[in-house]
Amino acid sequence: MKGYHTINNSKKNIPQPTIHRLSICHRCLELFAETEKGRKLKTISSSEISEITGINSNQIRKDLAYFGKFGRRGIGYPVKDLVYSLKSILGSSRKWDIILVGAGNIGKALIRYRGFQKRGFTIKGIFDNNQSKIGKKIGNIEISDIKIIESFIRRRNIKIGIIAVPANAAQGVANHMIAGGIKSILNFAPITLKYPHYVKINTIDISVELERLVYFLASELKAND
Ligand code: NAI
């Protein structure tokens with residue numbers, strides 16, 4: 001964006017937690033920019049961002065510094081420009097087509113979630129191996145046979161896939177995705193998948209997250225005992 005700063009997206013080895021925090025900043029600032037206060041405010045300081053996001057202000061400055069020079073000392077960050085830059089850094093200014101495997105509870109909930117579209121993600125294909133589901137529709141997308149997944153991915157040059165199948169089927173599904181050309185996978189199955197170095201897989205394991213919460217809760221309770 002002109003007169004503001006240059007985004008350097010070419011840097012490698014950006015820590016995952018940095019991307020995670022910037023994604024939180026993006027989401028929070030986008031919402032904030034739509035509020036009455038956000039519409040009035042031209043610039044925002046890192047401590048104000050900290051208040052909105054719950055992320056330490058020094059950490060925010062460090063995370064942003066990976067991608068160039070942002071804002072001005074003593075003035076802060078122009079709100080709209082910062083939202084635009086974060087979108088660009090995170091790649092969500094682009095439109096991404098995705099596929100999903102597993103038309104079960106999780107799969108259906110994800111397909112019906114409107115937030116994806118808002119962030120530029122469009123589910124283009126749903127796959128399952130259950131013959132009674134194949135051919136049926138969720139929303140306006142027909143469930144296809146897992147057997148055709150590789151050619152589907154290749155033909156449409158899709159790079160992102162979501163796995164929502166039981167753990168014992170997840171590795172096989174990941175292999176099909178990768179063979180078709182998928183480069184990034186969001187995995188909901190509670191299993192550690194094997195994959196080549198050029199692929200990125202993020203696993204969302206809700207029970208692990210709950211355990212993390214319980215761990216802190218248990219330590220707090222112990223301290224109070
Ligand atoms: P589900 O049993 O409702 O759906 C799984 C779907 O995957 C079914 O439609 C099934 O036909 C399909 N499938 C099975 N093997 C397949 C294969 N080889 N190829 C293509 N499709 C195949 O399961 P649900 O509840 O949606 O869970 C999905 C995954 O998410 C599981 O790994 C589960 O452990 C995990 N998970 C589920 C949560 C929940 O609350 N239901 C919470 C967190 C994670």
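The following points describe two nonpolar cores, one helix and one surface patch of a predicted model.

1. Basis. Local features in this predicted model need pLDDT of at least 70, side-chain atom pairs count only at pLDDT 80 or more, and totals for chains, interfaces and linings use all residues. Residues are numbered from 1 along each chain as its sequence is written, and side-chain values use heavy atoms, with hydrogens and water left out.

2. Largest core. The largest nonpolar core (buried Ala, Val, Leu, Ile, Met, Phe, Trp, Tyr and Cys residues joined through side-chain atoms within 4.5 Å) has 21 residues. Buried means under 20% relative accessible area, exposed over 50%, and partly exposed in between, with a 1.4 Å probe and protein chains only. Ile 99, Val 101, Ile 149, Ile 163, Met 177 and Ile 185 touch the most other members. Strand 3 (96–101), helix 8 (149–156) and helix 9 (167–180) each supply at least two residues of this core; helices (H or I, at least four residues) and strands (E, at least two) are DSSP runs, numbered from the N terminus. Helix 9 gives the most, with five residues.

3. Second core. Apart from the largest core lies another, of 18 residues, including Cys 25, Ile 60, Val 79 and Leu 86.

4. Helix 1. This helix (residues 16–33) has 18 residues. Among its buried residues are Leu 22, Cys 25 and Leu 29. The cover over the buried residues of helix 1 includes helix 4 (57–65) and helix 5 (79–90).

5. Ile 204. This residue lies in the loop between strand 9 (200–203) and helix 10 (206–224). Ile 204 counts as partly exposed because its relative accessibility is 34%.

How values were computed. Expected span 1.5 Å × (residues − 1). Contact = heavy atoms within 4.5 Å.
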